[in-house]
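This report walks through how some helices pack, which nonpolar residues cluster, and where a few individual residues sit. Please keep the sequence and the structure in view while reading.

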Amino acid sequence: MPSSHQCTYQSSIPQAHFYSSSGFQDELVWAAAWLFRATNDKTYSDYLNDADTTGGPRTMFSWDDKYAGAQILIGKLVWEGKASNDGFLGGFKDDGEQFICNLVQKGDNNAKLTNAGALWWDSFNNLQYTTTALFLTLSYADSLSSAKATLDCLFDDVSPDDLVSFARSQVDYILGKNPKGMSYMVGFGSSFPQKVHHRGASIVSIKQNNTHVTCQEGLDVWFNCQSPNPNVLEGAIVGGPDDNYTDSRSLHRLSV
């Protein structure tokens, strides 16, 4: 693992103005965990055991914070008997389990829920955090199930079936069991977002109209029009609601 020239990517690439990283230690831990899983090379488990921090219990798993993913992966390795539950490896596992306990409302710092019961982190593209958290939850449920184990949360024991049930309730919300009665996955169900904030989806296909479209025309003629997208972005999940949703390309915090 790298021990020199460590920095955030925007520090080495000054032109990187968008999606700048708040740190790099989580990426190093994330990489070491995956490399240990792939190779079983003790070099990587030693790196994790010598890490400066386990990251502590996280509040989300995102493009800018990989700690929760690394913690859950290490926890899975422990349950599978491929990693020790001692030292920092056990600490990573404990923090990852606390993350899941908080998701399912059985921890000491539970994730926020909307009035309709949906996980809620941020007004900007909230469902990206929901879907990544559910991925970790279901993956961990598989490991617990294989080990015939339960999750020892602060206020209750949580079974693998409990985790699956919670994840299913959140997926049901995304796919239409919500106050709007709308699926937030494009192309799924009878009612879904028609004006997704996506340039390729909002401009007519060249197969239908091969007239050259300049960058500005893409905005003026297509992006700013009130018609549904000419191309259905099948399977895309929009940023999502706080129990409300306005179908508009300009509201990119919801429709991106």
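## Helices α5 and α6

In this predicted model, the axes of α5 and α6 come within 11 Å and cross at roughly 115°. The range of angles counted as roughly perpendicular runs from 65 to 115 degrees, and α5 is therefore roughly perpendicular to α6. The crossing in which α5 passes α6 is left-handed.

On the α5 side of this contact are K93, E97, F99, I100 and L103, which meet A133, L136, T137 and Y140 in α6. Sorted by class, the residues of the contact of α5 with α6 comprise six nonpolar, one polar and two charged.

## Two nonpolar cores

In soluble globular proteins, nonpolar side chains tend to be buried together. Here the largest nonpolar core has 26 residues, and those with the most contacts inside it are F99, I100, L103, L119, W121, L151 and L163. At least two residues of this core are supplied by each of α4, α5 (87–103), α6 (126–146) and α7 (160–174), and the largest share, seven residues, comes from α6.

F99 offers a view of the surroundings of one such residue: once its neighbours within four places in sequence are left aside, F99 is in contact with R58, T59, M60, F61, A68, A133 and L136. Apart from the largest core lies another core, of 16 residues, and A33, A51, Y67 and A70 are among them.

## Helices α2 and α4

A second helix pair is formed by α2 (residues 25–39) and α4 (residues 67–79), whose axes come within 8 Å and cross at roughly 25°. Angles under 35 degrees count as roughly parallel, and so α2 is roughly parallel to α4. As with the other pair described above, the handedness can be stated: α2 passes α4 in a left-handed crossing.

The residues of α2 that take part in the contact are Q25, D26, V29, W30, A33, W34, F36 and R37, and they meet Y67, G69, A70, L73, I74 and L77 in α4. By class, this contact of α2 with α4 has 10 nonpolar, two polar and two charged residues. A33 in α2 and both Y67 and A70 in α4 belong to this contact, and these three residues are also among the members of the 16-residue core.

## Residues with positive phi

Most residues other than glycine have a negative phi. Q105, a residue other than glycine, has a positive phi near 70°, and Q105 lies in the loop between α5 and β1 (112–113). With a relative accessible area of 27%, Q105 is partly exposed.

D243, also a residue other than glycine, has a positive phi near 85°. The loop that holds D243 runs between α9 (215–223) and α10 (252–255). Buried means under 20% relative accessible area, and D243 therefore counts as buried at 10% relative accessibility.

## An exposed residue in α6

Is D142, which has its place in helix α6, buried or exposed? Exposed means over 50% relative accessible area, and D142 is therefore exposed, its relative accessible area being 52%. D142 and T39 are separated by 103 residues in sequence, and their C-alpha atoms are 22 Å apart in space.

Technical notes:
Residues are numbered from 1 along each chain as its sequence is written. This is a predicted model: local features need pLDDT of at least 70, side-chain atom pairs count only at pLDDT 80 or more; totals for chains, interfaces and linings use all residues. Side-chain values use heavy atoms; hydrogens and water are left out. Axes are lines fitted to C-alpha atoms, for helices over the stretch in contact, and angles run from 0 to 180 degrees between N-to-C directions. Helices (H or I, at least four residues) and strands (E, at least two) are DSSP runs, numbered from the N terminus. Angles under 35 degrees count as roughly parallel, over 145 as roughly antiparallel, 65 to 115 as roughly perpendicular and the rest as oblique. A crossing is left-handed if the near helix is turned anticlockwise from the far one by less than a right angle, and right-handed if clockwise. Contact means heavy atoms within 4.5 Å. Ala, Val, Leu, Ile, Met, Phe, Trp, Tyr, Cys and Pro count as nonpolar, Asp, Glu, Lys and Arg as charged, and the others, Gly among them, as polar. A nonpolar core is a set of buried Ala, Val, Leu, Ile, Met, Phe, Trp, Tyr and Cys residues joined through side-chain atoms within 4.5 Å. Buried means under 20% relative accessible area, exposed over 50%, partly exposed in between (1.4 Å probe, protein chains only).
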